[in-house]
Amino acid sequence: MDAETECCKCHLLDLPWEDVLVTHIFCYLPLRQLVRLQRVSKQFYALIQVYLANCRTFDLTQIGPSLPKEAFCNILRDNKVLQNLSVQNCSDWVTDTELLPVIGQNQHLLRVDMRGCDRLTRHSLVAVSLSCTHLQYLGLAHCEWVDSLSIRSLADHCGGLRSIDLTACRQLKDEAICYLSKKCLKMRSLSVAVNANITDVSVEEVAKNCRELEQLDLTGCLRVRNDSIRTVAEYCPKLQSLKVNHCHNVTESSLDPLRKRNVEIDVEPPLQRALVLLQV
């Protein structure tokens, strides 16, 4: 009986790799666990490499910034089918050297998140624009290396872009945002928050060109005034959310028409603010 039981034993790695393990098991494991599994044996290492070569999404936030950059390069060396890539906040070690090869061999990327990666340069963004022409989302918040030249390259090659986060990209001025809005007419979400260089000029261009706009974040754009907010109200019928906190030159006179359309605004109406203060 023992001999018979022994003969019936089936090890995990005896299952078909690509048909069963990759497709029906490893896709449910967190990336952190997969990386740990690679250390178990040579067979597991090879199996996980097969999985990683075929995965469509790679999110480094699941592992954390402690991943060595050599491991990052090794993990994605065989992948040419990525659609979603996030290296968000891996500023300790992600540079152009690690990112450029990944971008270059993955031309089907739809979403790239580089928020907080302050050791990259414009070369990474230009590479994204040249390789990923079907890009729909790009996260660049707090990447102060983003400049007008790299944004122009992005606009010229990624006309289908629908969402971009340029929060605290302080090198950018009206000229870059205007150019982007004229090329990326399908834009639905835009953040240019925490940028004192942004004025009514670029906000009005965005409103007039991006008629599909649903979310606009102008938080801390001190030079934005009522005139451009009125233009947004006029030209963007699909707007759902507007953030104008700390925009001291934007008043209720331009916000009220948007409130009447049930647009979500992050600044409370004057009467409501007054009631809150009275309660305090």
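This passage describes two buried aspartates and the main nonpolar core of a predicted model.

Asp96 belongs to helix 6, which spans residues 96-104. The residue is buried but forms no salt bridge. Its nearest side chain of opposite charge is that of Arg122, 9.3 Å away. A salt bridge requires a side-chain nitrogen within 4 Å of a carboxyl oxygen, so Arg122 does not qualify. Polar partners are present instead. The side chain of Asp96 makes a polar contact of 2.3 Å with that of Thr121. Another, of 2.6 Å, links Asp96 to the side chain of Ser124. Beyond four places in sequence, Asp96 touches Pro101, Leu120, Thr121, His123 and Ser124.

Asp174 lies in helix 9, residues 174-183. This aspartate is buried and also lacks a salt bridge. Arg223 provides the nearest side chain of opposite charge, at 6.0 Å. A polar contact of 2.4 Å connects the side chains of Asp174 and Thr199. With neighbours within four places in sequence set aside, the contacts of Asp174 are Asn197, Ile198, Thr199, Val201 and Ser202.

Attention now turns to the nonpolar residues. In soluble globular proteins, nonpolar side chains tend to be buried together. Here the largest nonpolar core comprises 81 residues. Leu166, Leu218 and Leu242 have the most contacts inside it. Leu242 is in contact with Leu218, and also with Leu216, Ile229, Leu255, Leu258, Val263 and Ile265, leaving aside neighbours within four places in sequence. The contacts of Leu242 also include two acidic residues, Glu264 and Asp266.

Technical notes
Residues numbered from 1 in each chain as written. Predicted model: local features only at pLDDT ≥ 70, side-chain atom pairs only at ≥ 80, totals over all residues. Heavy atoms only, no water. Helix = DSSP H or I, 4+ residues; strand = E, 2+ residues; numbered from the N terminus. Buried < 20%, exposed > 50% of the residue type's maximum accessible area, 1.4 Å probe, protein only. Polar contact = N/O pair within 3.5 Å; in protein donor to acceptor, adjacent residues only side chain to side chain. Contact = heavy atoms within 4.5 Å. Core = buried A, V, L, I, M, F, W, Y, C linked by side-chain atoms within 4.5 Å.
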